[in-house]
Amino acid sequence: MRNFIFLLAVAMSGAALAGSDSETVAALDTEYQAAVERNDWQTMDRIFHPDFTLVVGSGKVFTRAQLIESARDAQSIFEKQVEMPGTQTVRLFGKDTATVTALLWLKGKRTKDQSAFDYKLWFTDTYVRTTDGWRYAFGQASLRLPD
């Protein structure tokens, strides 16, 4: 009976940890989207994994340095860079990898030519656990969705 209680306690603590990890990654991804919206490159820098890469639907690849530079230079001014409510799903793969998938709404203007944008796309962000906590390592975004 004691062994059963011990195993049950271990199983319950593992389930609590998984729930905590899901919540942590969900909150971190929401924090990341808000940082992009504010052009807060310091927060983006903290959240990014050192080897971060983003691949968009056209196949274009962006590095960590490129995204930080874009935010630092405020190459876009965002009115919206938010996950649509109810669309975020976090999936855990083992104890050190998680993905976040959600529908993202981007609205604003590019500072270079003042051109406006307003569209939605789906994304999947991959987070990995490091000695410094969860870090955003890889992102993939769909093409713009039709209006």
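Which residues does tyrosine 32 touch, not counting residues up to four places away in sequence? In this predicted model, the list runs to Met44, Ile47, Phe48, Leu67, Tyr127 and Tyr136. Tyrosine 32 itself belongs to helix α1. With a relative accessibility of just 6%, tyrosine 32 falls under the 20% cut-off and therefore counts as buried. There is also a long step along the chain to consider: glutamine 81 comes 49 residues away from tyrosine 32 in sequence, yet their C-alpha atoms are 9.8 Å apart.

Stepping back to the whole chain, the protein is built from three helices and seven strands. Read from the N terminus, the order is α-α-β-β-α-β-β-β-β-β. Of the 147 residues, 33% are buried. As for how the chain folds back on itself, take the contacts between residues at least 6 apart in sequence: 54% of these join residues at least 24 apart. The protein exposes about 8,800 Å², and carbon and sulfur atoms account for 58% of that area.

Next comes the largest pocket, with a volume of about 890 Å³. Its lining takes in 32 residues, and those closest to the pocket centre are Leu54, Phe62, Leu67, Leu106 and Tyr119. Two or more lining residues come from each of α1, α3, β3, β5 (97-110), β6 (116-130) and β7 (133-141). Sorted by class, the lining holds 18 nonpolar residues, along with ten polar and four charged ones. Leu67, one of the residues closest to the centre of this pocket, also turns up among the contacts of tyrosine 32.

Valine 61 makes a useful counterpoint. This residue sits in strand β2, which covers residues 61-63. Its relative accessibility is 43%, which lies between the 20% and 50% limits, so valine 61 is classed as partly exposed. Leaving aside neighbours within four places in sequence, valine 61 is in contact with Thr53, Leu54, Val55 and Gln66. Leu54 is another name from the group closest to the pocket centre. Along the chain, valine 61 and glutamine 140 are 79 residues apart, while 9.4 Å separates their C-alpha atoms.

Among the strands, β4 (residues 89-93) and β5 run antiparallel and are joined by five bridges. Phenylalanine 93 stands opposite threonine 97 of β5. Three residues lie between the two strands of this hairpin, where glycine 94 has a positive phi near 70°.

Backbone angles deserve a word elsewhere too. Most residues other than glycine have a negative phi. Asparagine 39 is not a glycine, but its phi is positive, at about 55°. This asparagine lies in the loop between α1 (2-38) and α2 (41-47). Asparagine 39 is buried because its relative accessibility, 16%, is under 20%. Alanine 74 likewise has a positive phi, near 50°. Its place is in the loop that connects α3 (64-72) with β3 (76-83). At a relative accessible area of 23%, alanine 74 is over the 20% limit for buried residues and so is partly exposed.

Methods: Residues numbered from 1 in each chain as written. Predicted model: local features only at pLDDT ≥ 70, side-chain atom pairs only at ≥ 80, totals over all residues. Heavy atoms only, no water. Helix = DSSP H or I, 4+ residues; strand = E, 2+ residues; numbered from the N terminus. Buried < 20%, exposed > 50% of the residue type's maximum accessible area, 1.4 Å probe, protein only. Contact = heavy atoms within 4.5 Å. Areas by Shrake-Rupley, 256 points an atom, 1.4 Å probe, with all protein chains shown as cover. 1 Å grid on protein atoms, 1.4 Å probe; cavity = no way out; pocket = protein on both sides within 12 Å on 5 of 7 lines; lining within 4 Å. Points joined across faces, edges and corners; volume = space filled by probe spheres on them. Nonpolar A, V, L, I, M, F, W, Y, C, P; charged D, E, K, R; others polar. Pairing = 2+ DSSP bridges.
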